[in-house]
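Biologist: I'd like to go through this one label by label and hear the reasoning behind each. Can you put it up?

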Amino acid sequence: MSFCPNCGKKIEGDVSFCPSCGFSLKGEQKNSSPSSSPGKSKIKSGSGSNTKTYMIISVAGLGALALLSLMIGDSLGFIIAAALCAVLYFLGMKKFEEGEQDSAKKIFLIVAILTGVVGLAILLMGNFIGAIDILIAIPVFMAWNEMEKG
Ligand SMILES: [Zn+2]
């Protein structure tokens, strides 16, 4: 049992209009909870652990590339990959763990660019190893990006 909001007369049954004054009752019905967006709290993903993951992938990737170069007898490739791997590990990852974010960030950016550029050059020379180089540059760059964000 309800009453017309316009004229106040009793309304019986489920009707769209008030039988007394013709007031539209459907329009007067309460809007069922206007989809209140509960302001999704952005879950801050642990940027530290993300950074670490990318760093480990980067170092492992360069290490694997150094090994691969050694196996196929590419001494220059081995030296470059091993050097970049060492720089990334000792100057990048270690610095990061010691809390020297800025130094680590620079190292990772430099290595990302170097790895990418060297990879592209090697690829243009017709060596497939270059493609691997470029692939490895991605997690190195991602590690830098994570540090840049956080
Ligand atoms: Zn009415």
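Biologist: Among contacts between residues at least 6 apart in sequence, what share joins residues at least 24 apart?

Modeller: That share is 44%. Bear in mind that this is a predicted model.

Biologist: Fine. Which elements are there, and in what order do they run from the N terminus?

Modeller: The order is β-β-α-α-α-α, so two strands and four helices.

Biologist: Lys10 sits in strand E2, residues 10-11. What makes Lys10 count as buried or exposed?

Modeller: Count the other C-beta atoms within 10 Å: Lys10 has 11. Exposed means 12 or fewer, so Lys10 is exposed.

Biologist: And which residues does Lys10 contact, leaving aside those within four places in sequence?

Modeller: Met1 and Phe3. As for Ser20, ten residues along the chain from Lys10, the two C-alpha atoms are separated by 9.0 Å.

Biologist: How much of the chain counts as buried?

Modeller: Of the 150 residues, 27%. The cut-off for that label is 20 or more other C-beta atoms within 10 Å.

Biologist: Which members of the largest nonpolar core touch the most other members?

Modeller: Leu62, Leu88, Phe108 and Val140, out of 27 residues in that core. Helices H1 (47-71), H2 (75-97), H3 (101-124) and H4 (129-149) each supply at least two residues, and H4 gives the most, with eight. In general, nonpolar side chains tend to be buried together in soluble globular proteins.

Biologist: Take Leu62. What does Leu62 touch, not counting residues up to four places away?

Modeller: Ala81, Leu84, Cys85, Leu88 and Ile136.

Biologist: Now the helix pairs. Why are H2 and H3 called roughly antiparallel?

Modeller: Their axes come within 7 Å and cross at roughly 160°. Anything over 145 degrees gets that label, so H2 is roughly antiparallel to H3. The crossing is left-handed. On the H2 side the contact includes Ile80, Leu84, Val87 and Leu88, and on the H3 side Ala104, Ile107, Phe108 and Val111 are among the residues involved.

Biologist: What about H3 and H4: at what angle do they pack?

Modeller: About 160°, with the axes 8 Å apart. That is over the 145-degree cut-off, so H3 and H4 are roughly antiparallel to each other. Their crossing is left-handed.

Biologist: Which elements cover the buried residues of H3?

Modeller: The cover includes H2 and H4. The buried residues themselves are Ala104, Lys105, Ile107, Phe108, Val111, Ala112, Thr115, Gly119 and Ile122.

Biologist: How do you know that the length of H4 agrees with the expected span?

Modeller: At 1.5 Å a residue, the 21 residues of H4 should span 30 Å, and the end C-alpha atoms are 31 Å apart, so the two agree. For H3, with 24 residues, the reach is 34 Å from first C-alpha to last, close to the 34 Å expected.

Biologist: Which residues of H4 are buried?

Modeller: Among them are Ile129, Ile132, Ile136, Val140 and Trp144, along with Asp133 and Glu146.

Biologist: Last one: what follows H3?

Modeller: Gly126, with a positive phi near 90°.

Key:
Residues are numbered from 1 along each chain as its sequence is written. This is a predicted model: local features need pLDDT of at least 70, side-chain atom pairs count only at pLDDT 80 or more; totals for chains, interfaces and linings use all residues. A nonpolar core is a set of buried Ala, Val, Leu, Ile, Met, Phe, Trp, Tyr and Cys residues joined through C-beta atoms within 7 Å. Two residues are in contact if their C-beta atoms, placed from the backbone, lie within 7 Å. The expected span of a helix is 1.5 Å times one less than its number of residues. Axes are lines fitted to C-alpha atoms, for helices over the stretch in contact, and angles run from 0 to 180 degrees between N-to-C directions. Angles under 35 degrees count as roughly parallel, over 145 as roughly antiparallel, 65 to 115 as roughly perpendicular and the rest as oblique. A crossing is left-handed if the near helix is turned anticlockwise from the far one by less than a right angle, and right-handed if clockwise.
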